[in-house]
Amino acid sequence: MENIAELSIAVEPLTSDITIADVGDLFLQPAYDRFLSLPVVRDGEPLGVISRYHVQRILMGRYGRELQGAKAVKHFMNNSPLLVSVDRPVEEASHHITRNIAFPITEDFIITDGGNYHGVGFVINLLRGLEDKLITKNKSLAQSFSQLQASQSQLVQSEKMASLGQMVAGVAHEINTPLGYVHNNVEMARAAYDQLATLNEKYEQLISMLQSPDLDERAMQTQFSEIQEMREEFSNTFQHDEMRGLFSDTLYGLGQISDIVSNLKNFSRLDQAMVSNIDLNQCVDSTLVIANNLIKHKVEVIRDLGVLPKVRCAPSQINQVLLNLITNAVHAIEDRGRIMISTFSDGQFVHIIIRDSGKGIPAENLSKIFDPFFTTKPIGEGTGLGLSITFKIIRDHQGYIRVKSRVGKGTAFCVSLPIAEQP
Amino acid sequence: MIDMITPPVKPARPMQNADLRPTLLFVDDEERILRSLRMLFAANFRVLVTTDGHEALEILKREKVHALISDQRMPLMSGVDLLRQARDIAPDTMRLLLTGYSDIEAIIGSINDGEVFRYINKPWNADEIRAIVGEAANIAMSLGQMLAKPLEQSAKEIRGILLVDDSAEIANNLREYIDDSFPGAFHLEWANTLNDAMAFLETRKLSVIISDINVGRDDMTPFIKTLKHFHPHIVTIVLTNFRDTSLLVELINQGQIHRFLPKPMRKSMVLRGIQSGMVLADEIRLRPAAKQRHKVETPKNIPDAGIISRIRGLFRSASKS
Ligand SMILES: Nc1ncnc2c1ncn2[C@@H]1O[C@H](COP(=O)(O)OP(=O)(O)OP(=O)(O)O)[C@@H](O)[C@H]1O
Ligand SMILES: [Mg+2]
């Protein structure tokens with residue numbers, strides 16, 4: 001049901017001169033059973049309504065029929081009836097009617113078309129229509145709510161994927177660099193070993209020549225010069241200090257790779273459950289390793305980490321919070337700058353402050369940065385979800401986040417998480 | 001910074017006279033990479049290394065370098081930046097990227113701005129990198145003499161462009177752009193299938209081919225790779241919204257595409273691409289040896305042998321005439 005026309009019941013209206021007694025008779029006819037009231041119309045213009053209740057009170061009073069019965073309805077009717085135009089939407093009409101109707105309800109309302117009488121509308125039908133509408137609305141509301149929930153979790157998922165993608169890119173480069181020289185060095189060491197092994201063989205041959213009773217001077221001479229040549233070739237390709245450096249570089253590279261891998265493991269602990277006893281300084285450190293690729297070329301990081309009590313939290317989520325904040329800080333720094341990360345505890349909370357020397361956040365944006373999809377970054381660079389997810393994670397941990405910023409100077413975010421209550 | 005990593009100079013290596021060996025310049029922000037590469041190449045090349053792109057540019061200004069091999073992600077100057085500036089300072093130096101990971105923008109930049117000869121992944125394989133870098137250096141050595149000859153004046157002729165794309169709108173727009181900016185200079189053909197493209201290739205003289213990666217149901221990559229292998233004088237520009245890093249690397253190493261342009265097509269970009277493509281096509285036509293600079297790796301993973309033989313056949317008939 002969209003508008004009031006569907007409610008309209010075409011009933012022959014009363015003339016203004018019809019007597020009350022006649023109206024009383026009409027109300028008694030079965031065709032009028034359903035009507036609480038009847039409209040009074042002259043030349044198409046609705047003048048009023050007369051209710052069954054009112055007529056009955058008049059006629060049933062003492063000598064009512066005798067005294068009043070012959071009088072015209074116009075003297076008794078309610079001459080400011082409720083009028084609703086036929087093209088009014090249902091909600092609007094019901095709003096108008098519920099505000100203006102008298103209680104108890106003894107009258108229905110008149111439906112007009114261009115000011116002229118069109119029909120009668122029952123209040124009860126209006127309420128039913130309204131209820132139907134409410135039910136369908138509720139249904140679609142529930143539907144869009146569940147759609148919204150689904151797409152929000154998809155968005156969270158895709159944000160996770162996006163930051164995962166960024167992370168993987170960075171980590172791949174971080175690992176491939178040491179892997180590059182480690183691999184190459186090992187190949188070169190193998191080539192060196194091959195040469196040394198051949199050289200060793202030649203030496204052994206030389207020794208057995210020396211030990212043999214019939215010593216062949218000429219063969220020994222050849223052997224000797226062959227060895228000489230090989231030694232020279234070897235030391236031309238592989239200088240001793242270079243070789244030594246090659247091994248220490250290789251070990252260094254392997255150390256780096258295992259550092260990255262163990263930090264990666266720390267960072268992405270997929271344990272969704274809350275884990276107690278987490279030292280947030282560790283989270284800071286492993287996040288910094290993960291973000292290293294982003295940071296190292298433009299930002300100097302200063303760590304000022306205090307001694308912290310353990311905090312009950314989901315470390316993978318806290319890492320995500322830290323990565324979001326650090327990423328934002330790096331993005332805010334246009335050329336080169338500084339990020340300072342400090343941690344401390346006040347006995348109740350652990351606080352992590354991430355302060356950057358970036359471009360700052362204008363006052364008018366400060367209230368919006370935690371909104372989903374609020375971003376000042378170009379399309380493709382920012383989804384605007386980072387801080388809204390950060391906010392949600394911190395709230396889930398019963399913590400809070402505050403921000404302070406000065407345009408042109410920098411921004412500081414402070415994350416505060418409650419310390420685990422002692423069991 | 002060079003000196004820091006240079007090992008103590010030994011008395012001249014007896015095998016070669018240092019001046020005759022090709023010179024390689026490696027740029028990476030990790031010194032250990034430089035040390036490792038220096039050892040790998042020192043026997044056969046004169047090896048220069050630096051961690052700083054600015055320093056690398058100074059070296060290029062100062063002396064002849066045959067191949068420049070650079071990392072992409074570096075603090076002071078990105079690899080693509082370095083290659084772009086190297087192109088201006090020392091256009092004859094072959095440019096290669098050696099990198100652990102590049103985002104797609106960097107790879108596109110290395111094509112369009114860096115005109116990179118090869119893209120090598122870290123970790124590399126010692127034999128492979130020796131072969132690739134050696135090939136690049138040899139090309140630069142052999143061209144060193146030839147490029148000294150003055151360029152002959154090009155005969156004015158109308159040059160052919162083939163667009164391979166399934167969108168009529170793109171074809172119309174491109175025609176409009178070309179008529180607008182270079183009236184009468186180029187002859188534009190449009191093919192919307194691989195088959196049509198082959199037919200044009202067989203019947204027309206083409207200087208530049210502009211192609212999408214997927215046209216209708218045809219995958220154009222084998223075509224693009226094989227084409228460059230057998231027709232190095234045709235310059236390829238890829239115009240697509242397809243974005244995939246490993247495909248791009250293949251298109252560099254096995255396809256030597258001249259430009260990679262994103263869709264939606266932008267007038268200024270495509271016109272500039274055509275212009276520089278034409279200059280390159282002319283250079284290759286007038287100095288065939290120059291095509292060495294765009295030599296491709298033997299294409300791998302080409303399923304459709306039919307295409308290869310058709311393009312190869314074309315090549316034979318072209319070289320006979
Ligand atoms: N440290 C900061 N300095 C300056 N502006 C900031 C900082 N952190 C956040 N902002 C502002 O808040 C906006 C919202 O940040 P948020 O992390 O939610 O999204 P985003 O970084 O734009 O995109 P996403 O994190 O989804 O990639 C940013 O676009 C930026 O304008
Ligand atoms: Mg963000």
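This is a chat about a predicted model with two protein chains, A and B, and a bound ligand.

Colleague: Hi! Before I get lost in the picture, how many helices and strands does chain A have?

Modeller: Chain A has 12 helices and 12 strands. Please keep in mind that this is a predicted model.

Colleague: And what about chain B, how many helices and strands there?

Modeller: Chain B also comes out with 12 helices and 12 strands.

Colleague: What percentage of the residues is buried in each chain?

Modeller: In chain A, 42% of the 423 residues are buried. For chain B, 55% of the 321 residues count as buried.

Colleague: How much surface does each chain expose?

Modeller: About 23,900 Å² for chain A, with carbon and sulfur atoms supplying 55% of it. Chain B exposes about 14,200 Å², and there carbon and sulfur atoms supply 50%.

Colleague: Thanks. Let's go to the ligand. Which residues come nearest to ligand 1?

Modeller: There are 21 residues around ligand 1, and those that come nearest are A:Thr375, A:Thr376, A:Lys377, A:Thr383 and A:Leu387.

Colleague: Where is an oxygen atom of ligand 1 close to an N or O atom of a side chain?

Modeller: At A:Thr376, where a side-chain N or O atom is 2.4 Å from a ligand oxygen.

Colleague: Which residues bring a polar backbone atom to a ligand oxygen?

Modeller: A:Gly384 is one of them, with a polar backbone atom 3.0 Å from an oxygen atom of ligand 1. A:Gly386 is another, and its backbone N or O atom lies 3.3 Å from a ligand oxygen.

Colleague: How much of ligand 1 does the protein bury?

Modeller: The protein buries 92% of the 600 Å² that ligand 1 exposes when taken alone.

Colleague: Which helices and strands of chain A supply at least two residues of that shell?

Modeller: Helix 10 (315–332), helix 12 (386–396) and strand 12 (410–418) each do. Helix 10 of chain A gives the largest share, three residues.

Colleague: What's the mix of residue classes around the ligand?

Modeller: By class, the shell holds eight nonpolar, nine polar and four charged residues.

Colleague: Switching to chain B. Which residues of helix 8 are buried?

Modeller: Helix 8 of chain B covers residues 194–203, and its buried residues are B:Leu194, B:Ala197, B:Met198, B:Phe200 and B:Leu201.

Colleague: Why do those buried residues line one face of the helix?

Modeller: Looking down the axis of helix 8 of chain B, the buried residues fall within an arc of 160°, so they line one face.

Colleague: And which residues are exposed on the other side?

Modeller: B:Asn195 and B:Thr203 are exposed on the other side of helix 8 of chain B.

Colleague: I've also been looking at B:Asn253. Buried or exposed?

Modeller: B:Asn253 is buried, because its relative accessible area is 7% and the cut-off for buried is under 20%. This residue sits in helix 10 (residues 245–253) of chain B.

Colleague: What is B:Asn253 in contact with, leaving aside neighbours within four places in sequence?

Modeller: B:Asn253 is in contact with B:Phe117, B:Arg118, B:Tyr119, B:Val296 and B:Glu297.

Colleague: On to the backbone. Where are there cis peptide bonds in chain B?

Modeller: One joins B:Lys122 and B:Pro123, with omega about -5°. Another runs from B:Lys263 to B:Pro264, and omega is near 0° there.

Colleague: Where do those prolines lie?

Modeller: B:Pro123 is in the loop between strand 5 (118–121) and helix 6 (126–146) of chain B. B:Pro264 is in the loop between strand 12 (259–262) and helix 11 (267–286) of chain B.

Colleague: Last topic: what is phi at A:Tyr63, and where does A:Tyr63 lie?

Modeller: Phi of A:Tyr63 is near 55°, a positive value in a residue other than glycine. A:Tyr63 lies in the loop between helix 2 (52–60) and helix 3 (64–68) of chain A. A:Tyr63 counts as exposed, because its relative accessibility is 57% and the cut-off for exposed is over 50%.

Colleague: And what about B:Glu115, what is phi there?

Modeller: Phi of B:Glu115 is near 40°, which is positive in a residue other than glycine. B:Glu115 is in the loop between helix 5 (104–112) and strand 5 of chain B. With a relative accessible area of 23%, B:Glu115 is partly exposed.

Notes: Residues numbered from 1 in each chain as written. Chains lettered and ligands numbered in written order. Predicted model: local features only at pLDDT ≥ 70, side-chain atom pairs only at ≥ 80, totals over all residues. Heavy atoms only, no water. Buried < 20%, exposed > 50% of the residue type's maximum accessible area, 1.4 Å probe, protein only. Helix = DSSP H or I, 4+ residues; strand = E, 2+ residues; numbered from the N terminus. Arc of directions from axis to C-beta. Near = heavy atom within 4 Å. Polar contact = N/O pair within 3.5 Å; in protein donor to acceptor, adjacent residues only side chain to side chain. Areas by Shrake-Rupley, 256 points an atom, 1.4 Å probe, with all protein chains shown as cover. Nonpolar A, V, L, I, M, F, W, Y, C, P; charged D, E, K, R; others polar. Contact = heavy atoms within 4.5 Å.
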